[in-house]
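Here are a few exercises to work through with the coordinates open. Try each task yourself before reading its solution.

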Amino acid sequence: RLSINTSSIICGQETKLAAAALVGVRCAMACEKWAVSFAPALQTQDTSDQRCRSAGTMVAVPAHIASAAPWPFNREDLSPAGAPGRLTGRWLQTLGGLLVMSVYFRDSAGWCDINTALANQIADITALVPGLWIVAGDWNMEPESLEQGMRLNGVKGAVIKPAAGTCRNG
């Protein structure tokens, strides 16, 4: 249950929640006193998850923190046209304004067209934000490659990584 979670902000990637499911999930989260933004998962032909869905991102904030769809975009799904369901955000009325985004980069693809489009979108968004911003993500690449690629794509920020490696397949 989210009500026992002590986190102030929760960012999720690969939620696999289709647009039709978001109304119920949003309602359940509101009952637990969370405000949430989503980029819905997209339908695919891949049946490995038995639901034919891929991607989906979310940002959840406790309802006592004033928040809304990201300013100045006034929409939750910030995904670029070529990468649906992979970028969402929530604008928090704290610290003079804080944009929190959640991104899901394409797996095992390095700096492919989709990941480059996401980095460009993040650069465009953060350039317009008058306050602070944070992007949490499942980047699906090494931190060094991420940092170099984000700089090349115009994102002005720092990559903060864990001291030890994260989950690896294989």
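**Exercise 1: two cysteines**

Cys27 comes out as partly exposed, because its relative accessibility is 46%. Keep in mind that this is a predicted model.

Task: work out how many disulfides the model has, and where that leaves Cys27 and Cys31.

Solution. Start with the cut-off: a disulfide needs two cysteine sulfur atoms within 2.5 Å. Applied here, that rule gives a count of zero. For Cys27, the nearest cysteine sulfur belongs to Cys31 and lies 4.6 Å away, so by the 2.5 Å cut-off Cys27 is in no disulfide. Turn it around and Cys31 has Cys27 as its nearest cysteine sulfur, again at 4.6 Å, and is in no disulfide either. As for accessibility, Cys31 has a relative accessible area of 58% and is exposed.

**Exercise 2: the helix around them**

Task: check the span of helix α1 against the expected value, then look at what comes just after the helix.

Solution. Helix α1 covers residues 19-31, which is 13 residues. From first C-alpha to last it reaches 19 Å, close to the 18 Å expected at 1.5 Å a residue. Step just past α1 and you hit Lys33, with a positive phi of about 70 degrees.

**Exercise 3: the open sheet**

Task: find the strand order of the four-stranded sheet and say which strands stand at its edges.

Solution. Read across the open sheet and the order is β6-β7-β8-β9, with mixed pairing. The edge strands are β6 (67-68) and β9 (132-138); each has a single partner strand, so one side of each has no neighbour in the sheet. Now zoom in on one edge: β6 pairs with β7 (residues 87-92) in the antiparallel sense, over two bridges. There, Ala68 stands opposite Trp91 of β7. Finally, add helix α2 (residues 113-128), which packs on the sheet and touches β7, β8 (98-104) and β9. The direction of α2 makes about 175 degrees with that of β8.

**Exercise 4: the nonpolar cores**

Task: identify the residues with the most contacts inside the largest nonpolar core, and the element that supplies its largest share.

Solution. The largest core has 23 residues, and Ile122 and Trp139 have the most contacts inside it. Elements giving it two or more residues are β7, β8, α2 and α3 (143-152). The largest share, six residues, comes from α2. Next, follow Trp139: beyond its neighbours within four places in sequence, it is in contact with Val103, Phe105, Ile122, Leu146 and Met150. Don't stop there, though: a second, separate core has eight residues, including Met29, Trp34, Met58 and Ala60.

Terms used:
Residues numbered from 1 in each chain as written. Predicted model: local features only at pLDDT ≥ 70, side-chain atom pairs only at ≥ 80, totals over all residues. Heavy atoms only, no water. Pairing = 2+ DSSP bridges. Contact = heavy atoms within 4.5 Å. Axes fitted to C-alpha atoms, helices over the stretch in contact; angles between N-to-C directions. Expected span 1.5 Å × (residues − 1). Buried < 20%, exposed > 50% of the residue type's maximum accessible area, 1.4 Å probe, protein only. Core = buried A, V, L, I, M, F, W, Y, C linked by side-chain atoms within 4.5 Å.
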